[in-house]
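Welcome! Please take a moment to look over the sequence and the 3D view before reading on.

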Amino acid sequence: MPNSTFTRMNSPFLPQTDLQQIAAFAIEHQEENDQFAAFIKEFNDEAIDAKVKELDAQISPTISCTDCGNCCKSLMVCLNEAEADNLSSHLKMDRPSFDHKYLEKGSNGMMIMNQMPCHFLQDNKCTVYEYRFEGCKEFPALHLPHFKRRVFTTFMHYDRCPIIFNVVEELKKEMNFKQENS
Ligand code: SF4
Ligand code: SF4
């Protein structure tokens, strides 16, 4: 079992990318993260978005998604009809065969990939990269506006995505966040 009491990143910035350590840290810091999620809500939307975007731009290039691949291994990706048409056509499959092989459909019309890790992940690389879905392209969505509206989902992925983990931990430092009763 890895030691989960690692020190937070100091300058020069070295991202934490060990998924076991990140998961253990997340369990130990659940209360702190709940407080931070509430703390953020008091700040101006644009200021938070700008800071998150800046940290994402600094941190994302320091983390190798092809070494990680954890989102493709651990998330059920949603897709829409156009995306399914696009990928099935690329794979030279008709839609019924594609749907049967790869999709699960909800009664509300929602479609998700039917397997984790994703069928199209091989050696931590997406084999259909040019045809991947919007959800794949967006994740972890730190470049998008309205971060405050997505705090809940961001923290849902804090323990699985090193980019989110490191951005959030740096954001705590930059905002001088201190946990109460710590
Ligand atoms: S389609 Fe590609 S990017 Fe999307 S989850 Fe599957 S492997 Fe990952
Ligand atoms: S987006 Fe996050 S979870 Fe996905 S591969 Fe990159 S670092 Fe890993």
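## Around the ligand

In this predicted model, the shell around ligand 1 is made up of 9 nonpolar residues and 1 charged residue, with no polar ones. Its members are Cys72, Val77, Cys118, Phe120, Leu121, Cys126, Val128, Arg132, Phe133 and Cys136. Arginine counts as charged and cysteine as nonpolar in this grouping.

## A small sheet

Now for the strands. Three of them form an open sheet in the order β1-β3-β2, with antiparallel pairing. Because β1 and β2 stand at the edges and each has a single partner strand, one side of each is left without a neighbour in the sheet. Strands of a sheet pair through backbone hydrogen bonds. Between β1 and β3 there are 2 bridges, and these two strands run antiparallel. One pairing to look for is leucine 79, whose bridge partner in β3 is methionine 111.

Here are the residue ranges of the three strands:

| Strand | Residues |
|---|---|
| β1 | 78-79 |
| β2 | 103-105 |
| β3 | 111-113 |

## A glycine worth finding

Helix α8, residues 134-138, contains glycine 135. Is glycine 135 buried or exposed? Glycine 135 counts as partly exposed, because 18 C-beta neighbours lie inside 10 Å, while a buried residue would need 20 or more.

Which residues does glycine 135 touch, leaving aside those up to four places away in sequence? They are Val77 and Cys78. Valine 77 lies 58 residues from glycine 135 in sequence, yet their C-alpha atoms are 6.7 Å apart in space. Val77 also belongs to the residues that surround ligand 1.

Conventions. Residues numbered from 1 in each chain as written. Chains lettered and ligands numbered in written order. Predicted model: local features only at pLDDT ≥ 70, side-chain atom pairs only at ≥ 80, totals over all residues. Near = placed C-beta within 6 Å. Pairing = 2+ DSSP bridges. Helix = DSSP H or I, 4+ residues; strand = E, 2+ residues; numbered from the N terminus. Buried ≥ 20, exposed ≤ 12 C-beta atoms within 10 Å, placed from the backbone. Contact = placed C-beta atoms within 7 Å.
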